[in-house]
Structures are given as structure tokens and as C-alpha cells.
Amino acid sequence: MKYLGKVLPVDGYYVILQEYLPIDYTKSLAHLYQPLIGVHAVTLYQTLLHEMELQSDSSPQTHHTLMNYLNIPLDEVYKARLKLEGIGLLNTFKKQVENATVFTYEILSPFAPSDFFKDAMLSQLLMHQIGNSKFHALKNHYYKEAPSDLGENITIAFDEVFQTFTPSIEAVKPKEENSKPTRTEPSIDFSWMVQMLKQRLIPVGKVLTQENRKLISQMVLLYGLDSYEVEKSVLWALTEENVLDTEEFKTACHDLFKSKHYDTPIALTEKSISPKQQVTEPQTKEEMLIQELETISPKQLLEDLSGGNQASEQDLRAIREVMISQGLPAPVMNVLVHYVLLQSNMKLSKAYLEKIASHWSRANIKSAKEAMEFAKSEQNKFQKGAKQKTSYNYKPLSKEIIPEWFKDRNKTKQQPKVIQNSQTVIDLEKEKAELQALLSGKAAPHQNRSQG
């Protein structure tokens, strides 16, 4: 009972609606949303919508009332509510009023049928849910594309017709974040793709338009694509004029998903969260580092390791090419970059990256935690074989797993950072001597380290 205690039958609720509903919203709910979220969620939406006429300002309705209306247990009501929130049809607020819990449900407008098919993620989900034939029947019925032979658009812009006073600062102040639901428009870091396009002399502004950014974000969320897979899909779908063919891009994303997951169906399903997974706060320093490496981009990692300085294009190009050639997810690549830098006195060698990346790729490592455990294991094997210590800090039972750059990542520093661990501080004199030995033709001792 993972929903136990989230809401109780005696908890009260109010319903508000601050948007206008499209005239044909019921058609959207029945034909377009219901296949995705189910009948209980749609019924809950309609019940809450009509509850506004009956509610009293002085005393809220209780969730026991909803259970009776819907004739389902409270945990099913709660699950239906989560589906409405996830699909962008409901906002939920909670507060304590005189030792009682009161929820406020803000009903959000569904897309009109014609607008539904303009949302790439929802329309793709619907196609996978109801099948290609039924999907196109609904699309042909509800969605009418504008004629393409209208001629040149010569409409005059607002500022060419009217003149107004300059708005005050308060008038143009942007809205606070999270003031409106994002619906199916997740945000992703496009800096990686910007660098890729620039290096290929592809006009960034022409490819990463606002609509294309939204489409790319939605496909990433829908298919769970990694950075290198998104790049492949974008390059595949570019025309000779460097215009992103949206249908080709969707097809490329879907093909990549199928090649990775074979016949796994694409559909909206509830996340199964075990009690252990519900603990989001890291409990140890190592877990803190793993969480950081799971969420930041390789570009951010390089900049953190260099004291906030901008990552070089050469390093970014090397990382991207290794990621694409070996198919490593970004979190695994983060651990690999961190590992190589610590092993090589903060020098990023593409050849060294490729050698270890191919090993990790064959080992089918998919997460930062797996990569870190694998690195520890390889280091232990090397230590037993060579009977000597290394300067890498991913060691079992180490009290100082977190490097200095991670501890001070939120502090502004002018001086470059020095990576340390609990066992060894980088000996610059020794590194200098080894470098001189290498230049004179003698192999330096630390060059015989294990390669992954």
C-alpha cells in the first residue's frame, strides 16, 4: 500500500477552475485522453469539474464523498488523481487548516481535439496506445491542417500599426517559475547539442527553434533517449537545407527505441516505486557523488573540475565522439571522465577514454553507480596484481569518497582546484620526474596502470 497515508477519507477538498474549457473538451476527454489515462481518471476529472457547483465556501467536501461518487476505494481515487496531474489536467495544493488537511484541486483545460494532435508527445503516445489505423482515423476527423497554397503571408505586425507607451518594469517582469503546468514540455540541456551543431557548421538557430526544442524534449521523455541517441536522430532528420524534418525525427527516435528495447510496447504505465527507491536524499558521501554524476552533463562536470572555467571544445568533442561510438549513457560517461582525469593527472586523453569506454561498453554498464562499482573492482584487481597503491579515490571502505571539487561545487573560487583523496595527494614533483623519464625514452611507472 504505497499510497497509504497520502490522503485520508476525512481530508477535505475544494475545486477551482481558472481557465476556459474548449467547447469540445468532452470529445478530447473521451477519445484522446481516456485511452492514455483510463476511465477512472477521466471520471474523476468530470466529477471534480461539476463539484464546483455544489461546494460551499465555509466547509469543504471530504474525500469520502469522492469515493461514493466514483464507487472506488481511496487508493484508486489517489492513483486517478496522479494520472490527471501527470498528463497536465490537474494541479494539487495542500495545506493545514485548524488541524485538518485540506486539498485544493485546480482543474486545467484539456487540449481541444485539433490542438491535441499538435502536441508531439501526446499524439505519439495515442498512436502507440490505439494503433496506427484508429489514430489516423481520429486525426483525420479532428485535425485539419491549414491549406498550403494560401500564398505569401503579408500580415502586418502589431508594432507596425500601433504605438504604445514603454511598459514599466513590473509590466514586463517574467512570471515566476512553475506558475503554470509544463504539461508534456520537459526541459533538457541543449548546450551539448549546440556545441555539436556548431562543430559541424550547422546553423543552430535554424535547427533548434522553439518548436523543435519542444519536440526534442518530448521525444527524449517519451522514448528515454540518451544524449548521443538524440544527436543521431537530429542529424538523421536534417534536410539538405539544414531544416529538421519532424516526421523523420520522430521515426528515428522510435527506431532507436525499438533497437534498444526490442518489442517493448510504448504506453503510459504507473511507476512501480519500491520503499527503498522512495528515499531520495543520499545517505552517504558516495551516494551524494553518485547522485551528482547521475544528473549533471559531462560539460558541467568538466567545468566543475576546472574550477568553473569553460570546458574546451577539444575536450567536449572527444567526449561526445566516445559517447556516440561506444553508446555510453551520460552518467556512465561522467564517471569515466572523472576516472580518467584522476588517473592521468587531470589530462583528458581521447585514446585513454576510448580504451576504457570500449571495456565498459562490453560490460553493459548503464548507470553511474554501476560504473563506479566497476571502477572500484578493476582498481582492486590491479592493486592485488601489482601490489601497489594508486591515486584513484574510488576505493572500498574509503572515508573520503567525495573529491574536493564536489564539496566546494557551490562556492565561487578564483584559484584552480586540486583533486585529493584520503590516501594520496598528487605529488607534482613525482609527476615531473616521470614526465622527464618518459621524454628520455624510459617508461614512467604510472603509465602501466590498468586501463579500465
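This tour goes through a predicted model from the whole chain down to single residues and one helix pair.

**Whole chain**

Start with the full protein chain in cartoon view. It has 22 helices and 4 strands. Of its 452 residues, 40% count as buried. Now switch on the surface: the protein chain exposes about 27000 Å², and carbon and sulfur atoms supply 51% of that area. Among contacts in the protein chain with a separation of 6 or more, 69% are between residues 24 or more positions apart.

**The cores**

Hide the surface and select Ile 37, Leu 48, Leu 208, Ile 216, Val 234 and Phe 249. These residues have the most contacts inside the largest nonpolar core, which has 66 residues. Apart from that core lies another one, of 34 residues; to find it, select Leu 302, Ile 319, Met 323 and Val 337, which are among its members. In soluble globular proteins, nonpolar side chains tend to be buried together.

Go back to Leu 208 and show what surrounds it. Leaving out residues up to four places away in sequence, Leu 208 touches Phe 190, Met 193, Val 194, Leu 197, Arg 213 and Ile 216.

**Ser 28**

Next, select helix H1, residues 25–37, and pick out Ser 28 within it. Is Ser 28 buried or exposed? Its relative accessibility is 0%, so Ser 28 counts as buried. Display Tyr 33, Phe 111, Ala 112 and Pro 113 as sticks: Ser 28 is in contact with these residues, its neighbours within four places in sequence being left aside.

**Leu 70**

Move to helix H3, residues 63–70, where Leu 70 is found. Leu 70 has a relative accessible area of 14%; the cut-off for buried is under 20%, so Leu 70 is buried. Add His 40 and draw a distance between the C-alpha atoms: Leu 70 and His 40 are 7.8 Å apart in space and 30 residues apart in sequence. With residues up to four places away not counted, Leu 70 touches Thr 43, Leu 44, Thr 47 and Val 77.

**Helices H18 and H19**

Finish with residues 330–343, helix H18, and residues 350–362, helix H19. The two helices pack with their axes 10 Å apart, at an angle of about 135 degrees. H18 is therefore oblique to H19. The crossing of H18 past H19 is right-handed.

Show the side chains where these helices meet. From H18, select Val 332, Met 333, Val 335, Leu 336, Val 337, Tyr 339, Val 340 and Gln 343. Opposite them in H19, select Tyr 352, Leu 353, Ile 356, Ala 357 and Trp 360. Val 337 was also picked earlier, as one of the residues of the 34-residue core.

Definitions and conventions. Residues are numbered from 1 along each chain as its sequence is written. This is a predicted model: local features need pLDDT of at least 70, side-chain atom pairs count only at pLDDT 80 or more; totals for chains, interfaces and linings use all residues. Side-chain values use heavy atoms; hydrogens and water are left out. Buried means under 20% relative accessible area, exposed over 50%, partly exposed in between (1.4 Å probe, protein chains only). Contact means heavy atoms within 4.5 Å. A nonpolar core is a set of buried Ala, Val, Leu, Ile, Met, Phe, Trp, Tyr and Cys residues joined through side-chain atoms within 4.5 Å. Accessible areas come from the Shrake-Rupley method with a 1.4 Å probe; for residues, only the protein chains shown count as cover. Axes are lines fitted to C-alpha atoms, for helices over the stretch in contact, and angles run from 0 to 180 degrees between N-to-C directions. Angles under 35 degrees count as roughly parallel, over 145 as roughly antiparallel, 65 to 115 as roughly perpendicular and the rest as oblique. A crossing is left-handed if the near helix is turned anticlockwise from the far one by less than a right angle, and right-handed if clockwise.
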